[in-house]
Each structure stands twice: as C-alpha cells, then as structure tokens.
Amino acid sequence: MEVLERLLRREQLVEILSSQLSTSQLVKSHGLYLSCKRSSTPLENHHHFARWLTHWGEKIAKTDAKSTATALEKILSRNGSAVLYMAHGGTNFGFYNGANTGIDEYDYKADLTSYDYDAPIKESGDVDNAKFRALRRVLKQYSAASLPSVPSNSEKTGYGAIQLQKASFLFDFLDNVNTVDVVESEDPISMESAGQMFGFLLYVSGYSAKENGNILFIPKVHDRAQVFISCPSEDNGGRPSYVGIIERWSNRTLGLPYLECASKISLFVLVENMGRVNYGQYMFDRKGILSSVYLDGSILHRWKMILIPIQNLNEVQKINPLFQVAFSRFIKMSALKKLKDDSETKSNGPAFYAGRFAVNKMNQVNDTFISFNGWGKGIAFVNEFNIGRFWPSVGPQCNLYIPAPVLRNGENVVVILELESPNPELVLHSVDRPDFMCGSTSSKVHQL
C-alpha cells in the first residue's frame, strides 16, 4: 500500500475528499468516491470506503434518489469525477457472501445473499427506478457525449407454488460417509485444516451423561453451531435430536438434557461457515470450532470431523452423495404421489426437501424469485445451482433471485437444506419480485 501511495502521489493521481464540498458526508451517505488531478489548491487527502451493506437481522438499507443525485451533481459541478459504489447490484450466489465485524471478532455480521445494495442498476439488472433516472439526468447534464439509450427491464415471471417433500435427513448421509471425508483428532480442528473451505463441518464426540444433565461450552465457534445428541445403542441407530444453538456473536453455555443410554452419548456439533470477514484486522477469519470444547468445565477430547460435501460454485460438478440420498428418496415418494403422514415426515431438524416446477415450453424462460416465507434457515439449489442462503425468520431478505439462465423449459428441480423448521405446508412460491420485509425488521427500512 505504501508503494502504491507513493506512485499515485508521483503521478499526481490521488483519491481525495474535499472538506469544502463536505464530501466525507457524500461518500458515507451516497457511496460516491471523489477523485481528480491534483490542483494548485491544497486539498485534504483521505482513503475512504463507503458501505451500504445489509446484514441478516438488519433493516434493509436505502438511500434517497434525490439526495444521491444532488451529491453527484455537487462533485461534477466542481470538475471532479465520481465512482458510484455500487453502480450495479449483484447476488452472493453459493457460499460467497462476505461479513463484517465491529468492535471485536465476536461482533460478527454476515451479509445477505442479495448484494442489491440499493444500487441504481438492481440485482436483476433493472434500471426502471427513481435513482437510476435521477443519476442519469445529472450525468447527461455534465457529459460531453450523448448517453446511450436505456434498456428495458428484464421480464420476470412468477411460476407459482412449488410443493416440496422431505427427501432425507442430513444425518442420513452418515451411513454412507467415505473414510477420506473423516478427520480424527484429539481436539477439534478448523474447517480449513479439515479440508472444508465453505459450507458446513460436522464435529462428533462422545460423553457420559449425568442424571441432572451436562453443560456444554465452546468459547470460540465460527460462525453458528447447531448441537445434537443421540444414543447410538438405540434400535434406530440413535438419530440425533436437536438441543440448541451456539453462535459466534452471542456465545453462551448450553445445557444438554439427560438421555438414558447403555453407551456413551454421541455429541454432534454442526458448524456453518456463514461468510468470511472481508476487511480489517479480523480478515484472517478461520471457520469451525477454534477452541477447546468444555463439558462440565473439563475439556472434551477425541473428535471426528466429518466433511459435508455440499457443492459451492467453484467446485467441479460431481455426483454428490448427499444429493444421491435425497433424490433417491424424493423419486420414490414422488412415485407414490403423496407423503406418508408419519412422525418422520413431520419432525424437524436439518433435512433436504425437494420439489419441481414447470416452465411452459411455449414460453420464454424468464427471471424469477423464490419466496421462503414461513421457512427457517438454510441453503437452496435450483437445477443443482447453489442460489444461496435463506433466513426469513431473521430477515430482511425473503426472496432469492433466480436468473433465467439457471432455469430451463419444462421441469425445474428445487432442493433445499432446511436447518431448522420447515414451512408447515412444505411449500415455496416462485414470484416476480424481490422482498426485503421478512423477520423482526419487517416493517422498517433503514434510510441512510
């Protein structure tokens, strides 16, 4: 950075904020970077990064079109040049959303799947909005060349309700785990050390139960852990039952209920990498369990780390054992035309759900959004493409964007991993617009 700074100063190219224009406020509020050739007038030099990020659990950030355009006009009227950030919103497909921290590494805030950013060019590429028109009017006023014509918004289609069926529990795949996907260690190791760079890693150990229960404490988990216990000597093999959650940002002890068992209790800790910190002193952001695990104040040893092979965007397409299990059961149930009304179908816990929806072969394939209203938290795939995370119970994002190239004429398959509690009706909806009004922030918009 020092070499780059010297080079920029030598070439008289600097990123500046003029106190005369109150541009520090312009950058903070409107995402405008001011840069120009150094003039004979001394100006205060700064490096400044503007952020309009929205994190899970926050109000969706918005900026007023008129004030944003006014800020741009102030810069251009003084012969400055501005960089709009973001000019074009986007989407954090796969596991590629980032995160930020506050006062320390525990003050962790994961970004939404949507990176729309309230940009003048929206996540879907649409430009028919007040902010785009206001900024275009300013640019036209100060541009020496004529501006190109404005493209039309892309077509959006809601393809209707998508009925899902439970295809398999996540823990069903334990019966088919390849030994190369299991790492054993006296103490827990990070996801990176185990070879799991994104997604999830399952930590497994065992302990002796106490009649009054046990107390679990994990001082450092990145980022969110779901805790389960089971009795492996039970006739059903001891399917894990949910106990609670331990989170990086609100770490606490967790009581493990007494479970009568002829053998040791199996402890399962499913850790989700919710996105790496992408700036600042905590940018070296390892994931997983990063400390000893304490049970009733004593360190718990002898761990297995089991890789969860859920595909990210950068990975080579291959047969996924998790999807094999999910699809085989889904196809069998589809052939029966209806779900069995039994306890396995109704029970909660991490599970795969699958369904289909059709795009009429006579029609053009258009962009769509899938609404996850009523669902808990998880990740979703459309035609084996990882469209990102959903968490409508926390919000504010309700709908995930599906660009037309992901879809195809005829049958389209949706598979989701629901980590917590599914929609009681097991239904999704394909709709024609975004929605950022979910969760506890449902009636609020953060106006910057």
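**Cores and disulfides in a predicted model**

Student: Which residues does L428 touch, not counting those up to four places away in sequence?

Tutor: Contact here means heavy atoms within 4.5 Å. With residues up to four places away in sequence set aside, the list for L428 is G160, A161, I162, L164, I370, S371, F372, W375, V414 and I416.

Student: What supplies the most to the largest nonpolar core?

Tutor: This is a predicted model, where local features need pLDDT of at least 70 and side-chain atom pairs count only at pLDDT 80 or more, while totals for chains, interfaces and linings use all residues. Residues are numbered from 1 along each chain as its sequence is written, and side-chain values use heavy atoms, leaving out hydrogens and water. A nonpolar core is a set of buried Ala, Val, Leu, Ile, Met, Phe, Trp, Tyr and Cys residues joined through side-chain atoms within 4.5 Å; this one has 28 residues, and L428 is among those touching the most other members. Strands (DSSP E runs of at least two residues, numbered from the N terminus) that each supply at least two residues include β9, β24 and β28, but the top contributor, with four residues, is β23.

Student: How many residues does the other core hold?

Tutor: That core lies apart from the one above, and L201, I229, V271 and M305 are among its members. Its residue count is 25.

Student: Is Q226 buried or exposed?

Tutor: Q226 sits in strand β14, residues 224-230. Its side chain makes a polar contact (N or O atoms within 3.5 Å, one able to donate a hydrogen and the other to accept it; sequence-adjacent residues count only if both atoms are side-chain atoms) with the backbone oxygen of L419 at 2.9 Å. Buried means under 20% relative accessible area, exposed over 50%, and partly exposed in between, using a 1.4 Å probe and protein chains only. At a relative accessible area of 3%, Q226 is therefore buried.

Student: Why is the disulfide of C231 and C261 given its handedness, and what is that handedness?

Tutor: The sulfur atoms of C231 and C261 are 2.0 Å apart, and a disulfide is a pair of cysteine sulfur atoms within 2.5 Å. C231 is buried at 3%, whereas C261 is partly exposed at 22%. Because the torsion about the S-S bond is about 80 degrees, the disulfide is right-handed.

Student: How far apart in sequence are the parts tied together by C398 and C438?

Tutor: These two cysteines, both buried, are joined with an S to S distance of 2.0 Å. C398 lies in the loop between β26 and β27, and C438 in the loop between β29 and β30, so the parts tied together are separated in sequence by 40 residues.
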